[in-house]
Amino acid sequence: MTLQQEIVGTAMQMAVVSLQPGQTVYCEAGKFLFKTANVTMETRLSGPGAGGGRPQGGQPGQAGGMGGMLRQAMGTAMQAGQRAIAGESLAFQYFTSTGGEGTVGFAGVLPGEMRALELTGGRAWFAEKDAFVAAESTVDFGIAWQGGRAGRSGGEGFILEKFTGRGTVIICGAGNFIDLNPADFGGRIEVDTGCIVAFEEGIEYGVQRIGGLNRQGMMNAVFGGEGLSLATLEGNGRVILQSLTIEGLANALKKAQGGDKQGPTGGLFSTNAG
């Protein structure tokens, strides 16, 4: 069943979802705005892959008996533990319409856009940490660890959210979005690591040093505002970028309050911990 949703607003968008009777959508804790009275709300530690979109429970002897219940409990604990390590919310909130069509509203936490992605069971989608807003119960939410050199150097890209299955998933970002395909630009684009919102499976994500260890390389790192590295995206698939980075927003707010810690050089010498 296709999720009926509408993205409304401009500077800080919201998603208004219409649920058919019995249809379930879940969100990360803190992204819920409003609901109609006939929509039930339940908070769980488990994601939909552990039965999050279906009633849980059952008696011993059903669904594997006590052993099945224990395995389900361990799976839920592992999911919650992964999300905690990744800095994500421990719990999900589930909304199900009863007695007719219901309405639920969701929003992100920063001024910016939202996007509804349709998963067909083929390619997965990866998104930056905290991009997830809400999804149908048929969409599985997971954590992807970006290892190797990219993981050590990529900053924001080290921990990614991963969406698989079939159905609609709604994500958010800061500022305005632009959709690109690296294949349209020679197969590769280089991006500020904080500007990546999401990309399709099949896109190869990496990190490269800006310039060499020479005068121009150090000028880029010290005065360019990007530090020592850029993210690279290669392949053929959709990429969504955002025009505003969280670090840029934080620095602008500090500067407006007279507490700018970035200084005139920015980049490598920035003292911003975020």
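## Phe 34 and its surface patch

Phe 34 is found in strand S4 of this predicted model. The side chain has company: together with Met 14 and Leu 33, Phe 34 makes a nonpolar surface patch of about 250 Å². Is Phe 34 buried, partly exposed or exposed? Its relative accessibility is 38%, so Phe 34 counts as partly exposed.

## The four-stranded sheet

Strand S4 also belongs to an open sheet of four strands, which run in the order S1-S2-S7-S4 with antiparallel pairing. Which strands sit at the edges? They are strand S1 (4-8) and strand S4 (32-35), each of which pairs on one side only. Going from one strand to the next, the twist averages 20°.

At the S1 side of the sheet, S1 pairs with strand S2 (residues 14-19) in the antiparallel sense, over five bridges. Met 14, already met as a member of the nonpolar patch, turns up here again: this residue of S2 is the bridge partner of Val 8.

## Salt bridges around Arg 115

Now to the charged side chains. Side chains of opposite charge can pair when their charged atoms come close. How many salt bridges does the structure hold? There are nine, and Arg 115 is a good place to start looking at them.

Arg 115 forms a salt bridge with Asp 179, with 2.8 Å between the closest N and O atoms. This pair links distant parts of the chain: Arg 115 lies in strand S8 (residues 114-120) and Asp 179 in strand S13 (residues 177-180), 64 residues apart. The two partners fall into separate accessibility classes. Arg 115 has a relative accessibility of 18% and therefore counts as buried, the cut-off being under 20%. Asp 179, with a relative accessible area of 36%, is partly exposed.

Arg 115 has another partner in Glu 113, where the closest N and O atoms are 3.9 Å apart. In this pair, both residues are buried. If you follow the contacts further, you arrive at a network of salt bridges that links Glu 113, Arg 115, Asp 179 and Arg 238.

## Arg 123 and Glu 200

A further salt bridge joins Arg 123 to Glu 200, and here the closest N and O atoms are 3.2 Å apart. Where in the chain do Arg 123 and Glu 200 lie? Arg 123 is in the loop between S8 and strand S9 (125-128), while Glu 200 is in strand S15 (residues 196-200); the pair links distant parts of the chain, 77 residues apart.

As for accessibility, Arg 123 counts as partly exposed because its value is 38%. Glu 200 has a relative accessible area of 15%, so this residue is buried.

## A loop residue with positive phi

Asp 130 is worth a look when you inspect the backbone. Its phi is near 75°, a positive value in a residue other than glycine. Asp 130 lies in the loop between S9 and strand S10 (132-136), and with a relative accessible area of 33% this residue is partly exposed.

## Cysteines

How many disulfides does the structure hold? The model has zero disulfides. Among the cysteines, Cys 172 counts as buried because its relative accessibility is 9%. Cys 195 also counts as buried, at 16% relative accessibility.

Technical notes:
Residues are numbered from 1 along each chain as its sequence is written. This is a predicted model: local features need pLDDT of at least 70, side-chain atom pairs count only at pLDDT 80 or more; totals for chains, interfaces and linings use all residues. Side-chain values use heavy atoms; hydrogens and water are left out. A disulfide is a pair of cysteine sulfur atoms within 2.5 Å. Buried means under 20% relative accessible area, exposed over 50%, partly exposed in between (1.4 Å probe, protein chains only). A salt bridge is a side-chain nitrogen of Lys or Arg within 4 Å of a carboxyl oxygen of Asp or Glu. Helices (H or I, at least four residues) and strands (E, at least two) are DSSP runs, numbered from the N terminus. Two strands pair if DSSP finds at least two bridges between them. Axes are lines fitted to C-alpha atoms, for helices over the stretch in contact, and angles run from 0 to 180 degrees between N-to-C directions. Patches are made of residues with over 30% relative accessible area and no salt bridge: like charges are joined within 9 Å, nonpolar side chains (Val, Leu, Ile, Met, Phe, Trp, Tyr) within 5 Å. Accessible areas come from the Shrake-Rupley method with a 1.4 Å probe; for residues, only the protein chains shown count as cover.
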